[in-house]
Amino acid sequence: MMRQVDVAIVGAGSAGYTALGLVKQHTDNFVLINEGWYGTTCAKIGCMPSKVLIQIADDFDRLQKMAVEGIEGLDNAHVNGAAVMQRVQTMRDAFVEKTIAPWQKLPAEQNLNGRAAFVDPNTIEITYRDGRTELLQAKQYILAPGSRPVLPEPWQDMPGVVTSDTFFEQASLPKKVAVIGLGVIGLELGQAMARLGVEVMGIEMADTIAGISDPEVLNKALELIGHDFPLYLGQAAQLEQTDNGIQVSFGEHSVEVDQVLAALGRRPNLDTLNLASAGISLDQRGMPDIDPSTMRIQDSNIFVAGDATGQKAILHEAADEGRIAAYNVMQALQQGDAKHYQARTELGMAFTHPNIGFFGQRFDQLDPENIVIGTYNFNMLGRPRVMQEFEGLIRLYADKTSKRLLGGEMIAPRGEHLLHQLAWAHQLNVEVADILRLPFYHPNIEEGVRVALRELAKQLYDEPVEEVVQA
């Protein structure tokens with residue numbers, strides 16, 4: 001007899017983890033199906049191991065600034081690449097252990113390690129490692145199978161080519177690397193390696209890095225990141241195996257390296273699930289039409305969350321999508337209509353040094369005729385100068401009519417904190433004048449935000465804003 005459950009969750013990453021926690025509160029009749037290793041992308045191959053490497057790189061770079069502060073005797077400091085990677089792997093494994101604990105507690109009959117694929121709208125086939133197969137029917141499905149690195153076929157079996165999935169497995173740091181793809185992953189790992197003494201060059205086919213759309217922020221980012229390693233934009237790279245490594249050719253340049261980090265983005269894993277057999281229509285990219293307010297595919301009993309949506313491959317977004325999918329699965333089981341949820345203010349960042357990021361709408365999404373822009377470059381603020389981190393640029397965009405923040409882009413010291421605060425203000429949907437009445441402590445980096453807000457206010461209001469709170 002075919003097994004039947006209320007809910008089948010496919011994927012044990014951040015979205016699946018969040019969805020499971022909510023589903024368990026409403027029904028015991030569920031299964032989790034996961035192919036391969038357990039542990040979130042963030043913990044195992046993404047945000048956490050990369051932040052360990054970045055922290056080590058920042059600490060080493062900080063040593064170069066200490067002589068002017070009277071701290072001496074650091075001339076012999078050097079990087080032990082093997083010890084660096086051991087530290088990264090040890091901390092990575094600890095983070096992963098926490099994420100797999102919930103799956104380890106599941107009974108074996110509810111924790112199925114295999115590949116799932118639809119055979120009809122209500123039935124999936126699970127293929128286990130030993131070749132066994134099992135058919136299973138669920139009333140509702142949550143698909144959160146994650147994503148995998150994009151890697152051109154000729155590069156897939158080429159020794160020395162690594163992706164974010166394999167980079168953190170190496171025993172030591174390489175000596176000379178070409179980073180191909182300068183999105184968040186490529187920039188973060190490229191700069192960290194460069195700061196640890198690796199010879200790095202960055203190559204990007206697009207004309208920007210880290211998704212920056214504001215030309216002034218881009219110019220400043222190219223200047224500052226370019227201090228650590230050379231950046232080549234608008235260049236497609238070709239690889240050829242050599243006796244000593246890999247020959248990388250791009251534009252008029254050709255260089256031999258011992259490693260290539262391919263950071264070309266990630267591809268959703270939905271293509272492994274045979275959605276066509278579930279009666280789901282797919283676009284030219286093989287993707288279904290997913291309602292972002294419900295996470296539901298068309299009018300089906302299938303919901304998608306996390307990196308598999310092909311949209312916002314960020315942990316907090318994946319967790320939110322897992323929640324929305326789980327809430328609506330529960331609604332469906334109770335014969336209720338799907339609830340629609342509004343996304344939080346979009347927020348993204350690269351943990352480069354300085355941090356690069358955006359909140360709300362980006363520059364290229366706005367009509368220049370309808371906005372005003374406030375800027376600040378951090379050069380004169382006391383706290384950044386004390387920290388020897390006084391280079392950057394913040395650009396805030398506000399609507400001329402509503403006088404509310406629309407978004408912003410920046411490369412800024414400690415920008416991760418500024419971006420959070422600005423995203424909160426944006427989501428509260430208040431006027432620029434209201435934000436200026438909030439407290440700003442001195443001395444602090446946040447004062448740079450206030451300068452940019454004041455510049456906005458001068459363009460938005462006929463009278464100077466009273467930066468005090470009326471009784």
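How do the residues of the lining of the largest cavity divide into nonpolar, polar and charged? Keep that in mind as you load the structure, which is a predicted model.

**Stop 1: the cavity**

Start with a search for enclosed space. The count comes to one cavity of 30 Å³ or more, and the largest cavity has a volume of about 50 Å³. To see its walls, select Ile54, Ala57, Asp58, Glu188, Gln191, Ala192, Arg195, Phe351, Thr352 and His353, which line the cavity. Colour them by class and you have the reply to the opening question: four nonpolar, three polar and three charged.

Now show the cartoon around them. Helix 3 (47-63) and helix 5 (184-195) are the elements that give two or more residues to this lining. Of the elements here, helix 5 gives the most, with four residues.

Leave Asp58 and Arg195 displayed as sticks, and add Asp61 and Asp228. Salt bridges that share partners join Asp58, Asp61, Arg195 and Asp228 into one network. Asp58 and Arg195 are also among the residues that line the cavity you just left.

**Stop 2: charged pairs around helix 4**

The structure holds 22 salt bridges, so there is plenty to click through; here are a few to visit. Select arginine 92, in helix 4 (residues 81-104). Is arginine 92 buried or exposed? Arginine 92 is buried, with a relative accessible area of 5%.

Next, bring up the partners. Aspartate 93 forms a salt bridge with arginine 92, and the closest N and O atoms are 2.6 Å apart. Glutamate 169 forms a salt bridge with arginine 92 as well, here with 3.0 Å between the closest N and O atoms. That second pair links distant parts of the chain: glutamate 169 sits in the loop between strand 7 (161-162) and strand 8 (176-180), 77 residues apart from arginine 92.

Switch on a surface and look at the acidic partners. Aspartate 93 is partly exposed, at a relative accessible area of 43%, and glutamate 169 is partly exposed too, at 44%.

**Stop 3: helix 7 and its tie to a loop**

Move on to helix 7 (315-333). Select aspartate 320 and arginine 344: they form a salt bridge whose closest N and O atoms are 2.6 Å apart. Arginine 344 lies in the loop between helix 7 and strand 19 (347-350) while aspartate 320 is in helix 7, so the pair ties together parts that are 24 residues apart in sequence. Aspartate 320 is buried, with a relative accessible area of 12%.

Stay with helix 7 for the next view.

**Stop 4: the second largest pocket**

This pocket has a volume of about 520 Å³. For a quick centring, select Pro292, Met295, Glu321, Ile324 and Ala343, the closest to its centre of the 22 residues that line the pocket. Which element supplies the largest share of the lining? Helix 7 does, with six residues. Strand 16 (290-291) also supplies at least two residues.

Coloured by class, the lining of this pocket shows nine nonpolar, four polar and nine charged residues.

**Stop 5: the five-stranded sheet**

Finish with the open sheet. Five strands form it in the order 19-20-23-22-21, with antiparallel pairing. Strand 19 and strand 21 are the edges, each pairing on one side only. Neighbouring strands of the sheet are turned by 10° against each other on average, direction ignored.

Zoom in on strand 22 (residues 393-399), where seven of its seven residues are buried. In a regular strand the side chains alternate between the two faces of the sheet. Show the side chains to check both faces: Leu393, Arg395, Tyr397 and Asp399 are on one side, with Ile394, Leu396 and Ala398 on the other, and all are buried.

Then draw the neighbours. Six bridges join strand 21 (residues 371-376) to strand 22; along them, isoleucine 373 has tyrosine 397 as its bridge partner, and valine 372 stands opposite alanine 398. Six bridges also join strand 22 to strand 23 (residues 405-412), running antiparallel, and isoleucine 394 has methionine 410 as its bridge partner there.

For a last selection, pick lysine 403. In the hairpin of strand 22 and strand 23, which has five residues between the strands, lysine 403 takes a positive phi near 60°.

Notes: Residues numbered from 1 in each chain as written. Predicted model: local features only at pLDDT ≥ 70, side-chain atom pairs only at ≥ 80, totals over all residues. Heavy atoms only, no water. 1 Å grid on protein atoms, 1.4 Å probe; cavity = no way out; pocket = protein on both sides within 12 Å on 5 of 7 lines; lining within 4 Å. Points joined across faces, edges and corners; volume = space filled by probe spheres on them. Nonpolar A, V, L, I, M, F, W, Y, C, P; charged D, E, K, R; others polar. Buried < 20%, exposed > 50% of the residue type's maximum accessible area, 1.4 Å probe, protein only. Pairing = 2+ DSSP bridges. Salt bridge = Lys/Arg side-chain N within 4 Å of Asp/Glu carboxyl O. Axes fitted to C-alpha atoms, helices over the stretch in contact; angles between N-to-C directions.
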